[in-house]
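Me: Hi! I'd like to get to know this protein a bit. Can you walk me through it?

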Amino acid sequence: MTTTPPAPRVHERSRTGPRFLLLLALALVVALLVRSFLVQTFSIPSESMSPTLEPGERVLVWRVGAGEDVRRGDVVVFDGTGTFAPAPAERTGLASLGVAAGRVLGFRPGESDFVKRVVGLPGERVTCCDDGGRLLVDGRPLDEPYLRAGDAPSDQAFDVEVPAGRLWVMGDHRSRSADSRSHLGSPGGGTVALGDVVGRVVAVTWPLRAVGVVERTAPAAAAAGEVGHGRDDEHREERP
């Protein structure tokens, strides 16, 4: 009597390979989608936002509603191409693919991303300075507790009305920040389009000693409001 040998299990094992690869691919796609549409990480290149953010720290940026839910005092990352920095030369082929991949992974090679604090909202008039050296928004002085110790709110006088759909932004280390004041002669007059806002900085993720939440800090005494309100909401109570 002839006994049929058991069938080899090669086929069964071979099925686990494609299944694992499929799950890995799905997990990668989900991770990339999260990083592309929900959160993104950036590295702080300079001391312009010190002491809030220090050079070399990595931050987590919340992308949802990037140009819609913007409040005075928010720390935002924005693309300054054409306003804070010249437009780069057009890329083709592999170079273009590399830039696209970098954006998805949280690195934007060759792009001009900046991190600053929102000081003026659309329709507001931002002025430097009153007799006490404070910035004025629609004639009301700002109390800015986040400024680096020893820095004046601004050593440069200016008087700007923020156009509709744009923001006036400044660094916390005012004496070392090339912000809206430094680009008054650039397109937009130093202001940043809401559509160029990548997202709001919500946390520091590296190094471990600096890990923590970046709170939404609204400067006291200025006209309260969010994007789309401006002067008409001057006496509206600030939301937390």
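Reply: Happy to! Among contacts (heavy atoms within 4.5 Å) between residues at least 6 apart in sequence, 70% join residues at least 24 apart. This is a predicted model, where local features need pLDDT of at least 70, side-chain atom pairs count only at pLDDT 80 or more, and totals for chains, interfaces and linings use all residues. Residues are numbered from 1 along each chain as its sequence is written, and side-chain values use heavy atoms, leaving out hydrogens and water.

Me: Cool. How many aromatic pairs does a search of the whole structure find?

Reply: The search finds 4. Rings of Phe, Tyr and Trp (its six-membered ring) pair if their centres lie within 6.5 Å; planes under 30 degrees apart are stacked, over 60 edge-to-face, the rest tilted. One of the pairs is F78 with F84, whose centres are 5.1 Å apart with planes at 85 degrees, so it is edge-to-face.

Me: And which ring does F84 pair with alongside F114's cluster, where F78, F84 and F114 come together?

Reply: In that one aromatic cluster of F78, F84 and F114, F84 also pairs edge-to-face with F114, at 5.4 Å centre to centre and 65 degrees between the planes. F84 lies in the loop between strand 3 (75-79) and helix 2 (93-105), while F114 is in strand 4 (residues 113-120), so the pair ties together parts 30 residues apart in sequence. Helices (H or I, at least four residues) and strands (E, at least two) are DSSP runs, numbered from the N terminus.

Me: Is F84 buried or exposed?

Reply: F84 is buried, at 7% relative accessibility; buried means under 20% relative accessible area, exposed over 50%, partly exposed in between (1.4 Å probe, protein chains only). F114 is partly exposed, at 24%.
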